[in-house]
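Trainee: Could you walk me through this model, taking each feature in turn and starting from the general idea before you turn to the case at hand?

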Amino acid sequence: MMKIAERVEYATKPKPLTCDPDDLVLDAVKRMADKNYGSIIAVDKSDHILGMMTERDIMKRLIAEGRDPKKTKVGDIMTSSVRTAKADDDLNDWLRIMSNERFRRLPIVDNDDKLQSIMTQGDFVSYTWPELMQQATTMAKATFGETLSLPRILAGILAYTLLLIIAVSLIR
């Protein structure tokens, strides 16, 4: 089991972008754009999460409804029910939950439910690719013997792909 806090990204992440739910959407969006962030977390004075405004919230609840970003508050369009995790939670469990429930950003809170960090599916997926390649290698060796190495597996996949491309082009 790998804990969220064991990811390199967890320790190196900058402080999450936060705002007050009474801030205007336009001001929050400008801050998001300045940092190139896809979300901003609305917190109270004690850093407890009140909601999260994502690019999707902006599209669905601001633009699609014809609201004015200069007059609309973040709290009016943010998602209020935000899933949160603890730093010692299992990374794979959360990756599965995020995939099944279709959300990409996971705020990490401490034992007092104060915002600490935010992890994304991308942060977690970078962990799973090496693990998947290791599993594929182990399964291939079990099936084909110890002589099969990762470069040979990749060469086989490349050869198969090229043959498939050639076959499809000949059919046309």
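Trainee: Is E9 buried or exposed, and how should I read that?
Mentor: This is a predicted model, so every value here is computed from predicted coordinates. A residue counts as buried when its relative accessible area is under 20%, and E9 is buried because its relative accessible area is 19%. E9 is found in helix α1, which covers residues 8–12, and the side chain of E9 makes a polar contact with the side chain of R7, at 2.7 Å.

Trainee: How many helices and strands does the protein chain have, and what pattern do they follow?
Mentor: The protein chain has seven helices and six strands, and, read along the sequence, they follow the pattern α-β-α-β-β-α-α-β-α-β-β-α-α. Of the 172 residues of the protein chain, 31% count as buried.

Trainee: How many salt bridges does the structure hold, and which parts does the one between E55 and R105 tie together?
Mentor: A salt bridge is a side-chain nitrogen of Lys or Arg within 4 Å of a carboxyl oxygen of Asp or Glu, and the structure holds nine salt bridges. In one of them the side chains of E55 and R105 meet, at 4.0 Å from N to O. E55 lies in helix α3 and R105 in strand β5 (residues 105–109), so this pair ties together parts that are 50 residues apart in sequence. As for their surroundings, E55 counts as partly exposed at 43% relative accessibility, whereas R105 is buried, with a relative accessible area of 17%.

Trainee: How far apart in helix α3 are D57 and R61?
Mentor: D57 and R61 are four residues apart in helix α3, so they are separated by about one helical turn, and their side chains meet in a salt bridge at 2.6 Å from N to O. D57 counts as buried, at 5% relative accessibility, while R61, at 29%, counts as partly exposed.

Trainee: Which residue forms a salt bridge with K86, and where do the two lie?
Mentor: K86 forms a salt bridge with D113, and their closest N and O atoms are 3.1 Å apart. This pair links distant parts of the chain, since K86 is in strand β4 (residues 85–86) and D113 is in the loop between β5 and β6 (115–120), 27 residues apart. K86 counts as partly exposed at 23% relative accessibility, and D113 is partly exposed too, with a relative accessible area of 40%.

Trainee: How is empty space found, and what volume does the largest pocket have?
Mentor: Rolling a probe the size of a water molecule over the atoms shows where empty space is left. In this model the largest pocket has a volume of about 470 Å³. It is lined by 17 residues, of which T54, R56, R102, F103 and R104 are the closest to its centre. At least two lining residues are supplied by each of β3 (49–54), α3 (55–63) and α5 (91–101), and the largest share of the lining, four residues, comes from α3.

Trainee: Which residues form a nonpolar patch on the surface?
Mentor: L150, L154 and I157 form such a patch, and together they have about 250 Å² of accessible area. L150 is found in helix α7, which covers residues 150–171, and, at 33% relative accessibility, L150 counts as partly exposed.

Technical notes: Residues numbered from 1 in each chain as written. Predicted model: local features only at pLDDT ≥ 70, side-chain atom pairs only at ≥ 80, totals over all residues. Heavy atoms only, no water. Patch = residues over 30% accessible without salt bridge, like charges linked within 9 Å, V, L, I, M, F, W, Y side chains within 5 Å. Areas by Shrake-Rupley, 256 points an atom, 1.4 Å probe, with all protein chains shown as cover. Buried < 20%, exposed > 50% of the residue type's maximum accessible area, 1.4 Å probe, protein only. Polar contact = N/O pair within 3.5 Å; in protein donor to acceptor, adjacent residues only side chain to side chain. 1 Å grid on protein atoms, 1.4 Å probe; cavity = no way out; pocket = protein on both sides within 12 Å on 5 of 7 lines; lining within 4 Å. Points joined across faces, edges and corners; volume = space filled by probe spheres on them.
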